[in-house]
Amino acid sequence: MDSSVTDKSLDEDCTGSPRSTHNRTVLTYLLDAFRSQEALWNPQHPNYLLCNKNELMREISINLLLEKDVNMTADECSTEIQKLRTRFRRELRIVHEQKGL
């Protein structure tokens, strides 16, 4: 796989349009909120198996509406997080392939 995929994705992210800036703000908020809810992603967390992940995502969704005035369902928030994680893994794999790791 060549680096054109990486270059293209970087070009798309650097448009600087108001929509792009808004999306980046929302995604940054989602990442920070997801990171703060360690029971959602850390299997070593004591509540990882016990917590209601849907309820935690619903809390993130509510806070997103209250703090950023963006209305997303818990499922939409979860989908966006999964997209970001998938993209991160893809980009990381590309970097490893380029470095021969």
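**Exercise 1. Find the span that helix α4 should have, and compare it with the distance between its end C-alpha atoms.**

Solution. This is a predicted model.
Step 1: helix α4 covers residues 74-99, which is 26 residues.
Step 2: take 1.5 Å a residue, multiplied by one less than the number of residues. The expected span is therefore 38 Å.
Step 3: the end C-alpha atoms of α4 are 38 Å apart, which agrees.

**Exercise 2. List the buried residues of α4, then describe the residue that follows the helix.**

Solution.
Step 1: buried means under 20% relative accessible area.
Step 2: in α4, Ala 74, Cys 77, Ile 81, Glu 91 and Ile 94 are buried.
Step 3: recall that an α-helix has 3.6 residues a turn, so residues three or four places apart point the same way.
Step 4: after α4 comes Gly 100, with a positive phi near 75 degrees.

**Exercise 3. Classify the crossing of α2 and α3, and sort the residues in their contact.**

Solution.
Step 1: the axes of α2 (residues 18-36) and α3 (residues 53-68) come within 10 Å and cross at roughly 135 degrees.
Step 2: an angle over 145 degrees would count as roughly antiparallel, and 65 to 115 as roughly perpendicular. The two helices α2 and α3 are therefore oblique to each other.
Step 3: their crossing is right-handed.
Step 4: α2 brings Thr 25, Val 26, Tyr 29, Leu 30, Ala 33 and Phe 34 to the contact, and α3 brings Met 57, Ile 60, Asn 63, Leu 64, Glu 67 and Lys 68.
Step 5: sorted, the contact of α2 with α3 has eight nonpolar, two polar and two charged residues.

Definitions and conventions. Residues numbered from 1 in each chain as written. Predicted model: local features only at pLDDT ≥ 70, side-chain atom pairs only at ≥ 80, totals over all residues. Heavy atoms only, no water. Helix = DSSP H or I, 4+ residues; strand = E, 2+ residues; numbered from the N terminus. Buried < 20%, exposed > 50% of the residue type's maximum accessible area, 1.4 Å probe, protein only. Axes fitted to C-alpha atoms, helices over the stretch in contact; angles between N-to-C directions. Parallel < 35°, antiparallel > 145°, perpendicular 65-115°, else oblique. Left-handed = near helix turned anticlockwise from the far one by under 90°. Contact = heavy atoms within 4.5 Å. Nonpolar A, V, L, I, M, F, W, Y, C, P; charged D, E, K, R; others polar.
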